[in-house]
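Could you walk me through this model in the viewer, one selection at a time? I would like to know what to click on next and what to look for there.

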Amino acid sequence: PMLLIQAADLSFAHGGRRVLAGASMEVKTGERSAVVGANGAGKSTLLMLLARELAPQGGAVTYARGAS
C-alpha cells in the first residue's frame with residue numbers, strides 16, 4: 001500500500017490551551033481510519049490539520065504527490 005498522508009509529532013493550541021501534543025499517524029491506500037476520543041480531545045482539530053484548514057504549530061503533515 002502507498003502512503004497517502006503522514007502526520008508526525010503534531011501539536012496545536014487554541015487560545016493558549018494545548019489541544020494536540022505529539023500526535024502522529026499514517027494513512028495508506030486501501031485503509032480505513034477512525035478518530036475516536038472524548039469531547040475536547042482534539043479530533044476536529046486533527047482533521048482540520050489533515051485537511052489543510054489549519055497549519056500545525058509543531059510537527060508536519062506530508063501528503064503523497066497528487067493527493068488532494
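Start by selecting Thr 45, in this predicted model a residue of helix H1. Is Thr 45 buried or exposed? Its relative accessibility is 7%, and because buried means under 20%, Thr 45 counts as buried. Now show what surrounds it: leaving out residues up to four places away in sequence, Thr 45 touches Phe 12, His 14, Val 19, Leu 20 and Leu 54.

Two of those names, Phe 12 and Leu 20, lead straight to the next selection. Pick Ala 7, Leu 10, Phe 12, Leu 20, Leu 46, Leu 49, Leu 50 and Val 61 together: these eight residues form the largest nonpolar core. At least two residues of this core come from strand S1, and at least two come from helix H1, which covers 43-50.

Stay with the core and centre on Val 61. Setting aside neighbours within four places in sequence, Val 61 is in contact with Ile 5, Gln 6, Ala 7, Leu 10, Leu 49 and Leu 50.

Next, zoom out and colour by secondary structure. What is the order of elements along the chain? Reading along the sequence gives β-β-α-β, with one helix and three strands in total.

Now for the strands. Select residues 3-14 for S1 and residues 17-28 for S2: the two run antiparallel and are joined by nine bridges. One pairing to look for is Leu 10 of the core, whose bridge partner in S2 is Ala 23. Then follow the chain into the hairpin of S1 and S2, where two residues lie between the strands. Gly 15 in this hairpin has a positive phi near 55°.

Add residues 58-63, which make up strand S3. S3 is also antiparallel to S1, and five bridges join the two. Which residue shows S1 pairing with both S2 and S3? Click on Ile 5: its bridge partner in S2 is Val 27, and its bridge partner in S3 is Tyr 63.

While S3 is on display, select Ala 60, which lies in this strand. Ala 60 is partly exposed, with a relative accessible area of 37%. Beyond its neighbours within four places in sequence, Ala 60 is in contact with Gln 6, Ala 7, Ala 8 and Leu 10. For a distance to draw, join the C-alpha atoms of Ala 60 and Arg 18: they are 42 residues apart along the chain and separated by 17 Å.

Two backbone angles deserve a stop. Most residues other than glycine have a negative phi. Asp 9, in strand S1, has a positive phi near 55° although it is not a glycine. Arg 52 is another residue other than glycine with a positive phi, near 70°.

Keep Arg 52 selected and show its side chain. Arg 52 belongs to the loop between H1 and S3 and is partly exposed, at 49% relative accessible area. What does Arg 52 lie over? It sits over the face of Tyr 63, at 3.7 Å from the ring centre. This is the Tyr 63 that pairs with Ile 5 in the strands. If you go on to look for aromatic pairs, the structure holds zero.

For a contrast with the first stop, move to Ala 34 in the loop between S2 and H1. Its relative accessibility is 67%, so Ala 34 counts as exposed. Draw a line from the C-alpha atom of Ala 34 to that of Pro 56: the two residues are 22 apart along the chain, and the separation is 20 Å.

Finish with the whole chain in view. The C-alpha trace spans about 35 × 20 × 20 Å along its principal axes. How does the radius of gyration compare with that of a compact globule? A compact globule of 68 residues would have a value near 11 Å, and the 12 Å of this chain agrees with that. Of the 68 residues, 21% count as buried. Among contacts with a separation of 6 or more, 52% come from residues 24 or more positions apart.

Notes
Residues numbered from 1 in each chain as written. Predicted model: local features only at pLDDT ≥ 70, side-chain atom pairs only at ≥ 80, totals over all residues. Heavy atoms only, no water. Phe/Tyr/Trp six-rings, centres within 6.5 Å; stacked < 30°, edge-to-face > 60°. Lys NZ or Arg CZ within 6 Å of the ring centre and 35° of its normal. Pairing = 2+ DSSP bridges. Helix = DSSP H or I, 4+ residues; strand = E, 2+ residues; numbered from the N terminus. Core = buried A, V, L, I, M, F, W, Y, C linked by side-chain atoms within 4.5 Å. Buried < 20%, exposed > 50% of the residue type's maximum accessible area, 1.4 Å probe, protein only. Contact = heavy atoms within 4.5 Å. Rg over C-alpha atoms; globule rule 2.2 N^0.38 Å.
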